[in-house]
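I opened this notebook to keep track of what I looked up. The entries follow the order in which I went through the model.

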Amino acid sequence: MNVSPDLGERISLSADRVLLEEVFPELSAALMDFRGAAWNLDNRFVIRFPVNGYCKLNSLQVMQRLLGHGFEICASNGAGVEGQQFSEYVFCKKRDTVPPSIVSSVKRERPSD
């Protein structure tokens, strides 16, 4: 997530397209309509999609939505000069360390009492 002060607050997201549509369903139509745009060079991934150009969310609301879907802030960065600061946040989602197929086979092998 990139936040910059262009004309107020500009919020850009880079993510897997399916994931972005899952967390922000209101963006689905915009993502489908602009397959040839600069942020749509690959069908599977979106690069710096201008979120608040297509829905009325501020950076705090975008963060809350991501955190509410199980993401955590893994890293952040910010820089700039007076009036031109930007912030970037890297969100990640933990995966199970043991694949579900192994867990279910262990449960089946466990002797019953």
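**Entry 1: the cysteines**

I began with cysteine 74, which is partly exposed, with a relative accessible area of 42%. The model is a predicted one, and I read it as such. Next I looked for disulfides and found that the structure holds one. Cysteine 74 forms this bond with cysteine 92, and their sulfur atoms are 1.6 Å apart. I noted the turn about the S-S bond as -65 degrees, which makes the link of cysteine 74 and cysteine 92 left-handed. Cysteine 74 lies in strand E4 (residues 72-79) and cysteine 92 in strand E5, so the disulfide ties together parts that are 18 residues apart in sequence. I then looked up the accessibility of cysteine 92: this residue is partly exposed, at 27% relative accessible area. I also checked cysteine 55, which has a relative accessible area of 12%. Buried means under 20%, so cysteine 55 counts as buried.

**Entry 2: the salt bridges**

I asked how many salt bridges the structure holds. There are two.

I took the pair of glutamate 26 and arginine 65, whose side chains meet in a salt bridge at 3.0 Å, N to O. Glutamate 26 sits in the loop between helix H1 (17-23) and helix H2 (28-33), while arginine 65 belongs to helix H3 (residues 59-68). The two are 39 residues apart, and I wrote them down as a link between distant parts of the chain. Glutamate 26 has 37% relative accessibility and counts as partly exposed. Arginine 65 is partly exposed too, with a relative accessible area of 23%.

I then turned to glutamate 88 and arginine 48, whose side chains also meet in a salt bridge, again at 3.0 Å, N to O. Glutamate 88 is in strand E5 (residues 86-92) and arginine 48 is in strand E3 (residues 45-50), so this pair ties together parts that are 40 residues apart in sequence. I looked up how open both residues are. Glutamate 88 is partly exposed at 28% relative accessibility, and arginine 48 is partly exposed at 44% relative accessible area.

**Entry 3: strand pairing**

I followed the strands next. Strand E1 (residues 2-4) pairs with E2 in the antiparallel sense, over three bridges. In this pairing I found asparagine 2 opposite serine 12 in E2. E2 is also joined to E3, by four bridges, and these two strands run antiparallel. Here I noted alanine 15 opposite valine 46 in E3.

**Entry 4: the largest pocket**

I finished with the largest pocket, for which I have a volume of about 240 Å³. Which residues are the closest to its centre? Of the 15 that line the pocket, they are Met1, Leu13, Ser14, Ala15 and Phe91. I listed the elements that give two or more residues to the lining: strand E2 (10-16), H1 and E5. E5 gives the most, with four residues. By class, I recorded 13 nonpolar residues, one polar and one charged in the lining of the largest pocket.

**Entry 5: cross-references**

I went back over my entries for E5. This strand holds cysteine 92 of the disulfide and glutamate 88 of a salt bridge, and E5 also lines the largest pocket. E3 came up twice as well: arginine 48 lies there, and the strand is joined to E2.

Definitions and conventions: Residues numbered from 1 in each chain as written. Predicted model: local features only at pLDDT ≥ 70, side-chain atom pairs only at ≥ 80, totals over all residues. Heavy atoms only, no water. Salt bridge = Lys/Arg side-chain N within 4 Å of Asp/Glu carboxyl O. Buried < 20%, exposed > 50% of the residue type's maximum accessible area, 1.4 Å probe, protein only. 1 Å grid on protein atoms, 1.4 Å probe; cavity = no way out; pocket = protein on both sides within 12 Å on 5 of 7 lines; lining within 4 Å. Points joined across faces, edges and corners; volume = space filled by probe spheres on them. Nonpolar A, V, L, I, M, F, W, Y, C, P; charged D, E, K, R; others polar. Pairing = 2+ DSSP bridges. Disulfide = S-S within 2.5 Å.
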